[in-house]
Amino acid sequence: MILVTGGAGFIGSEVVRQLVSAGRRVVVVDNLTYAGSLDNLANVAGRDNFAFEREDIRDGDAMRRVFADHGVQQVIHLAAESHVDRSIDNGMPFIQTNVIGTANLLEAARDAWSGSTLSNHRFTHVSTDEVYGDLTEDEPGFTEQSPYKPSSPYSASKAASDHLVTAWGRTHQLPYVTTNCSNNYGPYQFPEKLIPLTISRCLRGQSIPVYGNGRQIRDWIHVTDHARGVIMAHDKGRNGESYLLGSRNEQRNLDLVHRICDEMNLMLGRNDLHELITFVQDRKGHDLRYAINPAKAESELGWSAGIGFETGLRSTIKWYVDRYNEGTS
Ligand SMILES: NC(=O)c1ccc[n+]([C@@H]2O[C@H](COP(=O)([O-])OP(=O)(O)OC[C@H]3O[C@@H](n4cnc5c(N)ncnc54)[C@H](O)[C@@H]3O)[C@@H](O)[C@H]2O)c1
């Protein structure tokens, strides 16, 4: 049985869809914060190999119960507070969920798996490239050797959780891998993040906020590719290793927003959506550029991102437009 934490969220639900459709047994733990929804799991609900537990990873006793009740042998850990802006407003929920919650899961795994053959077990920790801080425009992309240098309360809490996993692995021989991925896009993302926010504002004719001068660079990967990479790292990654997942697709924020406006002008038969772009005060401590060198995952896991940005972005926009037209978003 694989425990997937945060399985009702954006990336977690894609991991669950892929695992369940491959016939693997999955239990999801998610406490359904504003970012999680059972709607994201509608197409696996009711399947024999799927179970759901509405529990909070901050509750260590609840995590122990889930491990015992479901005979959890493996974990893919995604539950987190994930939005940088919210962490700037108040960092404490990020410490509680991302740091304490991860420690609770590590302890529950250690208790449940002690005395059994460790090769049957694995704890896969899903993290972000933001733990490495930011890059200048001409530096090479992050690798697994890049030093940790987080900038925001969010990335610092994720960095702390990465270190906890490494420490439990070394100290308690807990079998683990860590994945660090760049910015994800795709269906089911909560509309506070840049791509669904821009689409939603275009649909509603509302202003599209762009931080600062919009020159920040992000490296975008489709969520389907990321989830496939996480599962491959979980199944095939070497114990104690980390794998950076990315699709070599760097885009400036402002260029990306213009591109979405272009696509949506075409899709909606309009020509004025660019006029909604509004520059707003820059985010505090805003990272300039993220970029990933995924060579290790490509050579060791045989994984590579397969969805081109043009195709992926167009199908993502269409997904949100369809949901809007159906009245479900
Ligand atoms: N979104 C990205 O671009 C990106 C990139 C790299 C890594 N990641 C990492 O991937 C993971 C998933 O990200 P996402 O974008 O899907 O996030 P998300 O915010 O969409 O989903 C997070 C999920 O975790 C659940 N959750 C939050 N706190 C919880 C708690 N205390 N107990 C139980 N469940 C809780 C939420 O209900 C939600 O379903 C996170 O760990 C994030 O750091 C995200």
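The expected span of a helix is 1.5 Å times one less than its number of residues. Keep that rule handy for one of the stops below; what you have open is a predicted model.

**Stop 1: the whole chain**

Show everything as a cartoon and colour by secondary structure: you should find ten helices and twelve strands. The radius of gyration is 19 Å, close to the 20 Å that the globule rule gives for 329 residues, so the chain is as compact as a globular protein of that length. Line the view up with the principal axes and the C-alpha trace spans about 65 × 45 × 40 Å.

Now switch on contacts. Of those with a separation of 6 or more, 80% are between residues 24 or more positions apart. Buried residues account for 55% of the 329. Put a surface on: the accessible area is about 13,800 Å², with 48% of it belonging to carbon and sulfur atoms. If you colour by charge, there are 33 positive and 41 negative ones, and their mean positions sit 2 Å apart.

**Stop 2: helix α5**

Select residues 153-172, which make up helix α5. Here the opening rule comes in: the 20 residues should span 28 Å, and the end C-alpha atoms are 28 Å apart, so the two agree.

Next, show side chains for the buried residues of α5, among them Tyr154, Lys158, Asp162, Leu164, Val165 and Trp168. What do the buried residues of α5 pack against? Two helices, α3 (84-89) and α4 (92-113), and two strands, β5 (122-128) and β6 (176-181). Then step off the end of α5 to glutamine 173, where phi is positive, near 55 degrees.

**Stop 3: threonine 97**

From α5, hop over to its packing partner α4 and pick threonine 97, which is found in that helix. Is threonine 97 buried or exposed? It is buried, with a relative accessible area of 9%. Setting aside neighbours within four places in sequence, threonine 97 is in contact with Ile57, Arg58, Ala79, Ala80, Glu81 and Thr102.

**Stop 4: asparagine 43**

Finish in the loop between β2 (26-29) and β3 (50-53), where asparagine 43 lies. Asparagine 43 is partly exposed, at a relative accessible area of 48%. Leave out residues up to four places away in sequence, and asparagine 43 touches Arg17 and Tyr188.

For a last look across the model, draw a distance from the C-alpha atom of asparagine 43 to that of leucine 273: the two residues are 230 apart along the chain, and the line should read 34 Å.

Note on methods
Residues numbered from 1 in each chain as written. Predicted model: local features only at pLDDT ≥ 70, side-chain atom pairs only at ≥ 80, totals over all residues. Heavy atoms only, no water. Helix = DSSP H or I, 4+ residues; strand = E, 2+ residues; numbered from the N terminus. Buried < 20%, exposed > 50% of the residue type's maximum accessible area, 1.4 Å probe, protein only. Contact = heavy atoms within 4.5 Å. Rg over C-alpha atoms; globule rule 2.2 N^0.38 Å. Areas by Shrake-Rupley, 256 points an atom, 1.4 Å probe, with all protein chains shown as cover. Lys, Arg positive; Asp, Glu negative; His and termini not counted. Charge placed at Lys NZ, Arg CZ, Asp CG, Glu CD.
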